[in-house]
Every structure is written in structure tokens, then in C-alpha cells.
Amino acid sequence: MLDDSLAIDPNHEDAMLYKNLLYRVKADMAETKLDAGDLLSEADAVIQQVLQLRSLRMAQSEEQSAPALAKLDPALPPPPFRAPAAPPPPPRN
């Protein structure tokens, strides 16, 4: 099921994190230490992929928000506050 999800979207973070957990559970149930070590290596590789994906997404979001922040000049006063318009008066009977 997780492999199907990752086949559709290779960057699906939740599926990758669950796959990591499954590798770790399998490592706990492994018959030999060698098998457990291999499974833990797979789990660590999945976590590294998630961390790389997160850092890439953070960099992209910072690039997108940087132009908006560049327009702000701390030396200038903030724009005036405009209160919302008053609601209309209630109808008279």
C-alpha cells in the first residue's frame, strides 16, 4: 500500500515516514542482527530522503516569500490602519 502511494507520488512525506516505521518494526522482529542492520539502514535512508525533501521545500517557500519581504522597509512607517466599514443600521418598523 505504501509502495503504491509512493509510486503515485514519490515525494509523499507521510508514506515515507510510515515506511521508515515499518522498516524499524521489521528490524525489531528480524531473526539475525545482519537482517536487522539492513532494515535499519533502509529506514535511515528513508529518513534522509524525508529530510532532504523538507529542506528543499523550505528553500522553495523562502524563495517565494523573499520578494514580499524585500518590499518592506523598516525605515518607513507602516501603512495607516483602515477600520472596517460600520454595519448598516437595523431596519425600522
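Asp44 is partly exposed in this predicted model. Its relative accessibility is 40%. The side chain of Asp44 meets that of Arg24 in a salt bridge, at 2.7 Å from N to O. This pair links distant parts of the chain: Arg24 sits in helix α2, Asp44 sits in helix α3, and 20 residues separate them. Arg24 also counts as partly exposed, at 29% relative accessibility.

How many salt bridges does a search of the whole structure find? The count is four. Two more of them involve Glu13. Arg54 forms a salt bridge with Glu13, and their closest N and O atoms are 2.6 Å apart. Arg54 belongs to helix α3 and Glu13 to helix α2, so this pair ties together parts that lie 41 residues apart in sequence. Glu13 forms a salt bridge with Arg57 as well, with the closest N and O atoms 3.1 Å apart. Arg57 lies in helix α3, so the pair it makes with Glu13 in helix α2 ties together parts 44 residues apart in sequence. Glu13, Arg54 and Arg57 are thus linked in a network of salt bridges.

Are the members of this network buried or exposed? Glu13 is buried, because its relative accessible area is 16% and the cut-off for buried is under 20%. Arg54 is partly exposed, at 39%. Arg57 is partly exposed too, at 38%.

Now look at what surrounds Glu13. Leaving aside neighbours within four places in sequence, Glu13 is in contact with Val50, Leu53, Arg54 and Arg57. Two of these names, Val50 and Leu53, return in the largest nonpolar core. Leu53 touches Asn11, Glu13 and Met16, again not counting residues up to four places away.

The core itself has eleven residues. They are Leu6, Ala15, Met16, Tyr23, Ala27, Ala36, Leu39, Ala43, Val46, Val50 and Leu53. Helices α2 (13–29) and α3 (33–70) each supply at least two of them. Which helix gives the most to this core? Helix α3 does, with six residues. There is a general pattern to recall here. In soluble globular proteins, nonpolar side chains tend to be buried together.

Finish with Tyr18. This residue lies in helix α2. Tyr18 is exposed, because its relative accessible area is 53% and exposed means over 50%. Compare its position with that of Asn93. The two are 75 residues apart in sequence and 64 Å apart in space, from C-alpha to C-alpha.

Definitions and conventions: Residues are numbered from 1 along each chain as its sequence is written. This is a predicted model: local features need pLDDT of at least 70, side-chain atom pairs count only at pLDDT 80 or more; totals for chains, interfaces and linings use all residues. Side-chain values use heavy atoms; hydrogens and water are left out. A nonpolar core is a set of buried Ala, Val, Leu, Ile, Met, Phe, Trp, Tyr and Cys residues joined through side-chain atoms within 4.5 Å. Buried means under 20% relative accessible area, exposed over 50%, partly exposed in between (1.4 Å probe, protein chains only). Helices (H or I, at least four residues) and strands (E, at least two) are DSSP runs, numbered from the N terminus. Contact means heavy atoms within 4.5 Å.
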